[in-house]
Amino acid sequence: MITKPKGTLDFLPEDAFKRLHVEEKLRKIAAVFNYREIRTPAFEKTELFRRGIGEETDIVSKEMYSFNDNEFTLKPEMTAPVIRSYIENSLYNISPVQKLYYISNMYRHERPQAGRYREFSQFGAEIIGSGEYTADIELIALGMFFLKEFGIKNLKIKINNIGNLTERSAFLKDLKLYLNDYTQKLSSESARRLFTNPLRILDSKDQKDIEIVKNAPVLYDYLGEENKNHFQNVLGGLKSLDIDYEIDHNLVRGLDYYTSTTFEILSENLGAQNAVLGGGRYDMLVQQLGGKPTPAIGFACGLERLTLVLQANNYIFPEPKSPDLYLITSGEKAKNKALVLAYNLRMKNVYCELDLLGRSIKSQMKEANKLNARYVVVIGEDELSKNSAKIKKMADGSEVETALNDIVNYNFN
Ligand code: HAM
């Protein structure tokens with residue numbers, strides 16, 4: 001038997017129905033906040049992610065699905081593709097601020113576990129063109145708003161400001177000096193990162209690293225007035241919206257394009273992979289990818305993780321609709337008549353079903369009950385000879401006899 005690839009998911013009809021509900025709700029909320037949808041290809045030139053996300057990140061160094069001699073890569077995230085498209089299509093000419101959202105599949109060759117897959121979906125939002133702190137507040141509020149709209153409780157926002165490149169390089173120099181005394185004590189991953197991506201040591205989950213980092217220089221102390229003010233303004237705005245947060249000066253995120261604000265929303269229902277949503281400012285990315293200097297901020301939320309949180313919060317999904325009616329027939333002639341009738345009813349938007357297995361009247365009735373059909377129409381040889389049919393309302397068992405030709409106009413409400 002051929003099975004699905006490791007780290008991927010099948011969405012059987014019930015799951016797909018739930019996912020559709022989540023997506024529809026997200027789209028409605030995005031519209032209220034005035035974000036417009038953007039779609040980009042499933043794969044991009046590998047160079048985009050190398051330059052956009054950063055060579056030394058986990059994503060680029062070990063998690064990309066690349067093909068055609070590494071020329072192309074299935075997208076591991078959407079921010080770089082959105083910015084590529086923003087520049088390529090000169091979206092800045094349409095409006096100085098672009099508010100975009102997406103719902104799309106992403107691919108990362110990670111070690112699969114609960115909440116971590118190799119193919120997963122993200123709902124993400126990006127504000128491109130505004131460096132104002134108000135953009136940060138609006139975007140974080142959107143993230144919090146939709147999670148609350150789903151009735152999710154026990155969420156925690158962690159927020160930080162990781163400064164601009166100059167501020168960060170001064171900090172990194174001191175951080176490396178400090179960590180040099182601990183090279184033997186750091187986890188092997190962090191010891192390696194000391195040379196490749198020392199910033200990431202700050203959010204290591206290893207207990208030894210956490211102890212060492214406790215006394216390390218603090219990035220926030222290296223920020224200039226502008227970023228400190230920006231941060232305080234963002235915090236003030238969150239307070240005015242009654243959004244609680246926790247400052248975490250070690251929240252550096254795993255992608256290299258971040259500058260200034262970084263944030264994550266965590267759920268206590270998620271275990272080890274507890275970030276349901278993550279994002280931040282990336283004021284240098286447009287420029288890095290060949291556009292004019294353009295500040296931007298965004299986030300992405302993993303929909304599989306969102307689903308796990310919804311399940312833990314006993315979210316009540318809507319029930320799929322049941323058929324308005326089930327056509328029950330007996331005999332060849334009636335069967336053919338019902339086929340045409342069903343087609344005509346469907347053209348009038350009546351949700352109807354009929355037997356495709358040549359079953360007995362009794363089994364068809366059973367099937368109608370199983371599907372929870374609100375009406376059944378019985379066309380037997382008897383009815384056919386009179387050119388009529390019996391319409392039965394399942395809720396009370398009441399029956400009316402109608403001319404066959406009138407059924408398409410019957411009100412099945
Ligand atoms: P990220 O933190 O890599 O950021 O991913 C965002 C969210 O996607 C995570 O919080 C998680 O919910 C979900 N996610 C990530 N990897 C997996 C996985 N392997 N399986 C299941 N879910 C996963 C980004 O992708 C940035 N592009 C976010 C952003 C947008 N920053 C600015 N704009």
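**Reading the ligand shell and helix packing**

Colleague: Which strands each supply at least two residues of the shell around the ligand?

Modeller: Strand S6 (119-128), strand S10 (275-281) and strand S11 (296-302). Helices (H or I, at least four residues) and strands (E, at least two) are DSSP runs, numbered from the N terminus. S10 gives the most, with six residues. Before going on: this is a predicted model, where local features need pLDDT of at least 70 and side-chain atom pairs count only at pLDDT 80 or more, while totals for chains, interfaces and linings use all residues. Residues are numbered from 1 along each chain as its sequence is written, and side-chain values use heavy atoms, with hydrogens and water left out.

Colleague: Which residues come nearest to the ligand?

Modeller: A residue is near a molecule if one of its heavy atoms lies within 4 Å of it. Here 27 residues surround the ligand, and Glu77, Glu110, Tyr117, Glu126 and Tyr258 come nearest.

Colleague: Which polar atoms lie 2.6 Å and 2.8 Å from a ligand nitrogen?

Modeller: A polar contact is a pair of N or O atoms within 3.5 Å. At 2.6 Å from a ligand nitrogen sits a polar side-chain atom of Glu77; for Tyr117, a backbone N or O atom lies 2.8 Å from a nitrogen of the ligand. Gly302 places a backbone N or O atom 3.0 Å from a ligand oxygen. The protein covers 96% of the 650 Å² of accessible area that the ligand has on its own (Shrake-Rupley, 1.4 Å probe).

Colleague: How do I read the packing of helices H1 and H5?

Modeller: Two packed helices are described by the angle between their axes and the distance between the axes. H1 (residues 13-32) and H5 (residues 133-149) pack at about 140°, axes 11 Å apart (lines fitted to C-alpha atoms over the stretch in contact, angles from 0 to 180 degrees between N-to-C directions). That makes H1 oblique to H5, that is, outside the ranges under 35, over 145 and 65 to 115 degrees.

Key
Polar contact = N/O pair within 3.5 Å; in protein donor to acceptor, adjacent residues only side chain to side chain.
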